[in-house]
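Colleague: Before I rely on the terms used for this model, I should like to hear the grounds for each of them. Would you take me through them in turn?

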Amino acid sequence: MRVIDAHVHYGFWEKLFSPGAEEGFLETLWETCQDAGVERVALLANPGRGNDALAKALEKRPDFVIAMGRIELDKDPVTLVEDFYQRGFHGIKTTGVSKNYDDPAYFPFYEAAAARGLRILFHTGILGGPVDYLEGGKADAWKRPP
């Protein structure tokens, strides 16, 4: 049976939005996945510099990385979809939108992705991170915002 992890943030969690969060992560992830029997991972770019870091990860491990570029539907231009395609990305991840995902304003992104065979991961539900740990036991206290 093939095992593919469909949602992996690129970088060590405790450093996720800091410079250097990705350093050594791909190697550690690959080793862990080998031990667990996971063949490939959908690696998700982080906001900001994340798409460039993702492109480098894909170059290093094209046999392992399913590259999912990060796009902000309310801010980024539709041309970013073509950029992802040219970089060899396999799809797009989007989250934190101001409208429903089925709003016609987003259709040009979806059409561009479909025309290029790119998959789209629509983040729904909780956002994760400190906001989801505002209530909880002492074990989760370190995750609360200051």
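Modeller: The exchange below takes up the confidence of the model, its sheet, its helices and a few individual residues.

Colleague: What kind of model is this, and which residues enter the values?

Modeller: It is a predicted model, in which local features need pLDDT of at least 70, side-chain atom pairs count only at pLDDT 80 or more, and totals for chains, interfaces and linings use all residues. Residues are numbered from 1 along each chain as its sequence is written, and side-chain values use heavy atoms, with hydrogens and water left out.

Colleague: How do you know what confidence the predictor places in the chain?

Modeller: The pLDDT is the predictor's confidence in each residue, from 0 to 100. The chain averages 87, and 85% of the residues score at least 70. Among the elements, strand β1 (residues 4-9) has the lowest mean, 91, and helix α4 (residues 107-115) the highest, 98.

Colleague: What makes a stretch of the chain count as a helix or a strand?

Modeller: Helices (H or I, at least four residues) and strands (E, at least two) are DSSP runs, numbered from the N terminus. On that basis the chain has four helices and five strands, and from the N terminus on they run β-α-β-α-β-α-β-α-β.

Colleague: Why are β4 and β5 called paired?

Modeller: Two strands pair if DSSP finds at least two bridges between them. Four bridges join β4 (residues 91-94) to β5 (residues 119-122), so the requirement is met, and the two strands run parallel. K93 has L121 as its bridge partner in β5, while I92 stands opposite I120. On the β3 side, three bridges join β3 to β4, again parallel, with G69 bridged to I92.

Colleague: What is the order of the strands in the sheet, and which are its edges?

Modeller: The sheet is open, with five strands in the order β1-β2-β3-β4-β5 and parallel pairing. The edge strands are β1 and β5, since each pairs on one side only. Neighbouring strands are turned by 25° against each other on average, direction ignored. Helix α1 packs on the sheet, touching β1, β2 and β3, and its direction makes about 150° with that of β2. Such angles run from 0 to 180 degrees between N-to-C directions, the axes being lines fitted to C-alpha atoms, for helices over the stretch in contact.

Colleague: What makes the unit of β3, α3 and β4 right-handed?

Modeller: A crossover is right-handed if, with the strands pointing away from the viewer, the path from the first strand over the helix to the second runs clockwise. The unit of β3, α3 and β4 is a right-handed β-α-β unit by this rule.

Colleague: Why is R116 called partly exposed?

Modeller: Buried means under 20% relative accessible area, exposed over 50%, and partly exposed in between (1.4 Å probe, protein chains only). R116 has 29% relative accessibility, and therefore counts as partly exposed. R116 lies in the loop between α4 and β5. Leaving aside its neighbours within four places in sequence, R116 is in contact (heavy atoms within 4.5 Å) with V81, E82 and Y85.

Colleague: Why does V78 count as partly exposed?

Modeller: The relative accessible area of V78 is 31%, so V78 is partly exposed. V78 is placed in the loop between β3 and α3. Neighbours within four places in sequence aside, V78 is in contact with P108, F109 and A112. The C-alpha atoms of V78 and Y110 are 9.2 Å apart, although the two residues are 32 residues apart in sequence.

Colleague: Which residues of α2 are buried, and what covers them?

Modeller: In α2 (residues 50-60), G50, N51, A53, L54, A55, A57 and L58 are buried. Their cover includes α1 (25-36), β2 (40-44), β3 (65-70) and α3 (79-87). In β4, G91 and K93 point one way and I92 and T94 the other way, and all are buried. Over the chain of 146 residues, buried residues make up 36%.
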